[in-house]
Structures are given as C-alpha cells and as structure tokens.
Amino acid sequence: MRLSGKVALITGAAQSQGRSHAVRLAAEGTDIIAVDICRQIDFVPYAMGTEEGLAETARLVEKAGRRVYTARADVRDAEGLAAAVEEGVAELGRLDIVSANASIATVQPHDEITPEIWQTTLDINLTGVWHTCAAAIPHLVAAGGGSIVITGSSAALKGLPFYLPYVAAKHALVGLARSLALELADRNIRVNTIHPTGVDTPQGHSAVLPELLEARPDLGPLFMNSLPVPRIEAIDVSNALVFLASDEARYVTGAAFPIDAGSTIR
C-alpha cells in the first residue's frame with residue numbers, strides 16, 4: 001500500500017468523485033477525514049451529497065480496514081471547516097494529504113446567470129478551495145510536509161460555453177495552486193491540480209446542455225473527447241489523485257494534470 005499510515009482530508013466526500021477518492025485512498029492504507037455540506041443548494045440541478053451518503057462513504061472506508069472521521073461542513077464557512085479539520089486531525093493523529101474536491105456546476109447561457117449563481121459558484125469552487133487549503137496547511141506543516149491535490153476540470157484549461165461561473169472559478173484554481181506550490185515548497189508541501197473531462201457522476205450529466213447545443217451546434221465539438229468515450233469514471237480521477245499524493249510524485253508540484261481523454265488537445 002503506497003500511502004500506508006497517512007491521513008487524508010477530502011471535501012465533497014458524500015458521493016461521486018469524493019467518495020471514490022476516499023475509497024481509493026483507503027485501499028492504499030490512508031485514514032480519511034470526510035467532509036461534506038450534506039444539503040441541497042436550491043439552484044443546483046442535480047442531487048447533492050446527504051448525511052446518508054456521507055455515512056455510506058464512511059462505511060466503505062471502514063470496510064477497507066481504515067479509520068474515518070466524518071463532519072458536516074460547508075467549505076464557504078472558513079471557521080466551521082477549520083474546526084472540522086482540527087477535530088479530524090485530533091481523532092486520527094495527523095494530516096498528510098488534502099483533496100480539495102467540493103464543487104458545484106450549473107448550465108445556462110450567460111444572460112441567465114443570476115447574482116446568486118455567480119457568487120455561490122465562486123464561493124464554493126474557488127474560495128471554498130482556499131478555505132480548505134488554509135485549514136489544512138498548518139497540519140501539513142506539523143506533519144513535516146504533504147500533498148494538496150485540487151480538483152479542477154478540463155474547463156480550467158480551456159473555455160466552455162454555458163458554464164461561465166464554473167469555468168471562471170476553475171481557471172482561477174490553477175493560479176492558486178501554482179502560487180501555493182511556490183510558497184510551500186520549502187516546507188515539503190506539494191500542490192497540484194487534476195483536470196478531468198466530464199465524469200459519470202450526477203454533476204457530469206446535464207439535461208440542459210443538449211438543448212443549448214441544439215441551438216448552437218457549432219459549439220458541440222468543444223465538449224468532445226479525443227479518445228472514444230463520452231465520459232470517464234470517477235476511479236480514473238482517483239487513480240491520478242493517488243499518484244500525486246504518493247512518493248512516486250515526490251518531485252511533482254505546481255502541475256496541472258489532465259485526466260481528460262484528450263479533450264483539451266482538440
């Protein structure tokens with residue numbers, strides 16, 4: 001097991017990529033601090049994580065033989081998130097790996113973006129990632145180093161129509177990660193971003209996008225992968241996370257790592 005004895009913090013852990021990350025890291029010997037908001041945001045068009053979902057993630061981690069600490073926390077709430085991380089570290093003893101994974105996505109033309117959609121998306125997808133890093137960094141320093149892996153998107157590396165707030169936040173994460181990587185290198189903390197194409201999760205399926213592309217078929221190719229798959233699986237992203245968290249990537253920092261089936265090279 002490549003990560004035996006490590007402890008990882010995962011936000012957005014109640015379902016989808018977050019749960020996959022927790023289970024995959026546990027299989028490599030990692031104990032898990034699993035955090036999720038566990039409630040629905042009104043305008044998000046798919047089912048978000050629940051308390052039952054977070055409990056299921058915990059069950060799967062324990063089934064893999066690892067310890068798990070769960071907490072309901074909103075990444076927009078810096079103090080509440082920091083308290084959850086503090087309690088998790090006290091319970092599990094240390095922190096070595098951070099998966100800043102929590103995010104939301106909506107799909108609409110630019111002229112249908114409300115102030116609430118814009119601000120909430122940036123608050124969760126960008127500021128929430130910063131809050132996650134800020135809460136975790138002191139514990140990584142105390143452990144003598146570690147790895148922060150921020151979940152970006154192919155939309156962090158290229159423009160995508162109808163996802164404007166999401167794209168803006170995900171692009172900003174690349175700069176955040178590169179700047180943090182520079183500041184934290186002297187403390188042996190590596191910071192990288194992973195950039196999946198569409199993933200087969202609730203967030204990765206939009207009922208609205210096909211209708212929008214019917215009216216703008218010229219934009220359809222922007223959503224195509226080069227490899228012959230419409231979407232990747234959450235485990236594909238988790239495997240990249242494990243690599244970046246492991247000593248196999250001990251000299252990898254400040255990197256933007258696509259797991260995108262060739263979507264960003266088109």
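Arg2 counts as partly exposed, at 36% relative accessibility. In this predicted model, Arg2 forms a salt bridge with Glu28, and the closest N and O atoms are 3.5 Å apart. The structure holds 12 salt bridges, and the points below take up three of these pairs before turning to the packing of helix 1 against helix 2.

**The Arg2 pair and its network**

- Glu28, the partner of Arg2, is buried, since its relative accessible area of 11% falls under the 20% cut-off.
- The pair of Arg2 and Glu28 links distant parts of the chain, 26 residues apart.
- Arg2 belongs to the segment before strand 1 (7-11), whereas Glu28 lies in the loop between helix 1 and strand 2 (31-36).
- Through salt bridges that share partners, Arg2, Arg24, Glu28 and Glu248 are joined into one network.

**The Arg39 and Asp74 pair**

- A salt bridge brings together the side chains of Arg39 and Asp74, with an N to O distance of 3.7 Å.
- Arg39 lies in the loop between strand 2 and helix 2, and Asp74 in the loop between strand 3 (68-72) and helix 3 (78-92), so the salt bridge ties together parts that are 35 residues apart in sequence.
- Arg39 is partly exposed, its relative accessible area being 39%.
- Asp74 counts as buried, because its relative accessibility is 18%.

**The Arg187 and Asp186 pair**

- Arg187 forms a salt bridge with Asp186, and 3.0 Å separates the closest N and O atoms.
- With 37% relative accessibility, Arg187 counts as partly exposed.
- Asp186 is exposed, because its relative accessible area of 64% is over the 50% cut-off.

**Packing of helix 1 and helix 2**

- Helix 1 (residues 16-27) packs with helix 2 (residues 51-63) at an angle of about 15°, and the two axes are 9 Å apart.
- The angle of about 15° is under 35 degrees, and the two helices are therefore roughly parallel to each other.
- The crossing in which helix 1 passes helix 2 is right-handed.
- On helix 1 the contact is made by Arg19, Ala22, Val23 and Ala26.
- On helix 2 the contributing residues are Gly53, Glu56, Thr57, Leu60 and Val61.
- Sorted by class, the contact of helix 1 with helix 2 has five nonpolar, two polar and two charged residues.

Technical notes: Residues numbered from 1 in each chain as written. Predicted model: local features only at pLDDT ≥ 70, side-chain atom pairs only at ≥ 80, totals over all residues. Heavy atoms only, no water. Axes fitted to C-alpha atoms, helices over the stretch in contact; angles between N-to-C directions. Helix = DSSP H or I, 4+ residues; strand = E, 2+ residues; numbered from the N terminus. Parallel < 35°, antiparallel > 145°, perpendicular 65-115°, else oblique. Left-handed = near helix turned anticlockwise from the far one by under 90°. Contact = heavy atoms within 4.5 Å. Nonpolar A, V, L, I, M, F, W, Y, C, P; charged D, E, K, R; others polar. Salt bridge = Lys/Arg side-chain N within 4 Å of Asp/Glu carboxyl O. Buried < 20%, exposed > 50% of the residue type's maximum accessible area, 1.4 Å probe, protein only.
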